[in-house]
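Here are a few short exercises to work through with the model open beside you. Try each one yourself before reading the solution.

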Amino acid sequence: MQEISKTEFEVLDALWEGYPASANTIIERLNQHKSWHDKTVKTLLSRLVKKQAIEFQKSNRSYLYSPLFERESYLNKESKSLVRRLFNGKVAPLVAGFAQGNDLTKDDIDELKMLISNWEKNND
């Protein structure tokens, strides 16, 4: 999969809200958060098709777009890539950076504890 830019990701994220979806539906979703120009969104949709991140089907006089992978699998891949590039594949320095900057909430810590506990149970 080719690298997806920040703006392409925003379009893809709007598509993940529900698909298949027309360009106009995607534009409406995006405009709920900030103003997007129709032509810009259509250009980004075209790029995502070329990058094989989404596909389309012609329906009457419009195109209906669908992602070619799920949001969860994309986030997992990108998370691993970030940890590999910035932290030599180690997760602890990433979490430590958040902890030292007081960026972790009690909910974050509880979730991390649960994830670690589940990992320990499944990997003994």
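Before we start, one convention: Ala, Val, Leu, Ile, Met, Phe, Trp, Tyr, Cys and Pro count as nonpolar, Asp, Glu, Lys and Arg as charged, and the others, Gly among them, as polar. Please keep in mind that this is a predicted model.

**Exercise 1. The largest pocket**

Find the largest pocket, then work out which elements line it and how its lining residues divide by class.

Solution.
- Step 1: Begin with the space itself, which comes to about 560 Å³ in the largest pocket.
- Step 2: Turn to the lining, which is made up of 16 residues; V91, L94, V95, L112 and L115 are the ones nearest the centre of the pocket.
- Step 3: Assign the lining to elements. Two or more residues come from each of α4 (71–87), α5 (92–100) and α6 (106–122), and α4 contributes the most, with six.
- Step 4: Apply the convention above. The lining then splits into 10 nonpolar, two polar and four charged residues.

**Exercise 2. The sheet and its helix**

Determine the strand order of the sheet, and explain why β1 and β2 each have one side without a neighbour in the sheet.

Solution.
- Step 1: Trace the three strands. They make an open sheet, ordered β1-β3-β2, with antiparallel pairing.
- Step 2: Look at the edges. β1 (21–22) and β2 (54–59) each have a single partner strand, so one side of each has no neighbour in the sheet.
- Step 3: Follow the pairing of β2 with β3 (residues 62–67), which is antiparallel and runs over six bridges. Within β3, Y63 is the bridge partner of K58.
- Step 4: Add the helix. α1 (residues 6–16) lies across β1, β2 and β3, at about 95° to β3.

**Exercise 3. Backbone details in the loops**

Locate the cis peptide bond, then examine phi at N60 and at N88.

Solution.
- Step 1: The cis bond joins Y19 and P20, with omega about 0°. P20 belongs to the loop between α1 and β1.
- Step 2: Move on to the loop between β2 and β3, where N60 is found. N60 is not a glycine, yet its phi is positive, at about 55°.
- Step 3: Check N88, in the loop between α4 and α5. N88 also has a positive phi, near 55°, in a residue other than glycine.
- Step 4: Are these two residues buried or exposed? The cut-off for exposed is over 50% relative accessible area. N60, at 72%, is exposed, and N88, at 70%, counts as exposed too.

Key. Residues are numbered from 1 along each chain as its sequence is written. This is a predicted model: local features need pLDDT of at least 70, side-chain atom pairs count only at pLDDT 80 or more; totals for chains, interfaces and linings use all residues. Side-chain values use heavy atoms; hydrogens and water are left out. Two strands pair if DSSP finds at least two bridges between them. Helices (H or I, at least four residues) and strands (E, at least two) are DSSP runs, numbered from the N terminus. Contact means heavy atoms within 4.5 Å. Axes are lines fitted to C-alpha atoms, for helices over the stretch in contact, and angles run from 0 to 180 degrees between N-to-C directions. On a 1 Å grid over the protein atoms alone, a cavity is a set of points where a 1.4 Å probe fits but cannot get out, and a pocket is an open set with protein on both sides within 12 Å along at least five of seven lines; lining residues have an atom within 4 Å of a point. Grid points are joined across faces, edges and corners, and a volume is the space filled by probe spheres set on the points. Buried means under 20% relative accessible area, exposed over 50%, partly exposed in between (1.4 Å probe, protein chains only).
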